[in-house]
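Biologist: Before I use any of these labels in my own work, I would like to see each one set against its definition. Could we go through them one at a time?

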Amino acid sequence: LRGIGQKRAEAFRKLGLVTLSDLLRHYPRAYQNRGKLCRLCDASEGEKATFRLTVGSEPKTTRIKNRITLTKFRAFDESGSTEVVFFNQPYVSDIFRVGQEFRFYGALSMNAKHRQLSSPQYEPYREGEILPDFISLYPVCEGITQKTMASAVAEALRLLLPTLRDPLPDSVRVQSQLPTLSFALSCLHQPTDEESLSRALRRVVFDELLCLGL
């Protein structure tokens, strides 16, 4: 795959991933539903939520004790504003510009003076681009980030799904009301809604139990 050299391939091998088929069977360990937007004024303290915010001030980085850097700026929606804080990530100063919109996912904390969003996940809003509601979280190891894993899996899906053969006879699949294997693998890695994800999980569990029974 593009972007995977010898060193990164060794990191994948530590996870038991050698072939593209291995990637297809490396299922996410959890999912984040970022599709439901929450206004700042409606957020519950300490609970993770998704916010669509506009950057309101230039990021500023300061160094605090023990060589820790703190980068912060203000962002807002129609209901209020919050301070966005990143620790030891000074490079974010080059990412956030005043007036730009981002989708943030994280937990809001509040005190008497202000709200604060600490080290959230973020994605830029670009005109004409639709952000996925569900984000897959994979088992990873040192040298493999979530972004790297998601990119490798997406490429494996693109290359293998068009020629993937379903081991289940159509008669068995239809009788048991199961989706095709291609559909199940695609939805497991890149779900679009909870119903499709539930169907995909049911197909994979069926296959595993069938193999065990055989």
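Biologist: Why is S119 called partly exposed?

Modeller: The model is a predicted one, in which local features need pLDDT of at least 70 and side-chain atom pairs count only at pLDDT 80 or more, while totals for chains, interfaces and linings use all residues. Residues are numbered from 1 along each chain as its sequence is written, and side-chain values use heavy atoms, with hydrogens and water left out. As for S119, its relative accessible area is 35%, and because buried means under 20%, exposed over 50% and partly exposed in between (1.4 Å probe, protein chains only), S119 is partly exposed. S119 is found in the loop between β7 (115-118) and β8, and it has a positive phi of about 45 degrees although it is not a glycine.

Biologist: Why does Q177 count as exposed?

Modeller: Q177 has 65% relative accessibility, so it falls in the exposed class. Q177 is found in the loop between α4 (170-175) and α5, where the helices, like the strands, are DSSP runs numbered from the N terminus (H or I and at least four residues for a helix, E and at least two for a strand). Q177 is not a glycine, yet it has a positive phi of about 55 degrees.

Biologist: What makes H189 buried?

Modeller: The relative accessible area of H189 is 3%, and therefore H189 is buried. H189 lies in helix α5 (residues 181-189). Leaving aside neighbours within four places in sequence, H189 is in contact (heavy atoms within 4.5 Å) with L23, L24, H26, Y27, P28, S136, Y138, V153 and L157. In addition, a polar atom of the H189 side chain lies 2.8 Å from the backbone oxygen of L24.

Biologist: Why does T148 count as buried?

Modeller: T148 has 17% relative accessibility, so it belongs to the buried class. T148 lies in helix α3 and touches R8 and F12, not counting residues up to four places away in sequence.

Biologist: What makes the pair T148 and T145 a polar contact?

Modeller: A polar contact is a pair of N or O atoms within 3.5 Å; within protein, one must be able to donate a hydrogen and the other to accept it, and residues adjacent in sequence count only if both atoms are side-chain atoms. The side chains of T148 and T145 make such a contact at 2.9 Å.

Biologist: Why does A156 count as buried?

Modeller: At 0% relative accessibility, A156 is placed in the buried class because of that value. A156 is found in helix α3, and outside its neighbours within four places in sequence it is in contact with L20, L23, L24 and L161. For the whole protein chain, buried residues make up 35% of the 214 residues.

Biologist: Which residues touch the most other members of the largest nonpolar core?

Modeller: A nonpolar core is a set of buried Ala, Val, Leu, Ile, Met, Phe, Trp, Tyr and Cys residues joined through side-chain atoms within 4.5 Å. Of the 17 residues in the largest one, F51, L53, F73, F96 and F104 touch the most other members. Two or more residues come from each of β2 (48-55), β4 (68-77), β5 (80-87) and β6 (101-110), and β2 gives the most, with 4 residues. Apart from this core lies another, of 15 residues, including A11, F12, Y138 and A152.

Biologist: How much space lies in the largest pocket?

Modeller: On a 1 Å grid over the protein atoms alone, a pocket is an open set of points where a 1.4 Å probe fits, with protein on both sides within 12 Å along at least five of seven lines, and lining residues have an atom within 4 Å of a point. About 920 Å³ of space lies in the largest pocket. Of the 30 residues that line it, R34, E123, I135, K147 and A150 are the closest to its centre. The largest share of this lining, 5 residues, comes from α3, and the lining residues divide into 16 nonpolar, 8 polar and 6 charged.

Biologist: Which residues line the second largest pocket?

Modeller: The second largest pocket, with a volume of about 180 Å³, is lined by L1, I4, A9, F12, R13, L17, V18, T19, L20 and L23. Two or more of these residues come from each of α1 (6-14) and α2 (20-24), and α1 supplies the largest share, 3 residues.

Terms used:
Points joined across faces, edges and corners; volume = space filled by probe spheres on them. Nonpolar A, V, L, I, M, F, W, Y, C, P; charged D, E, K, R; others polar.
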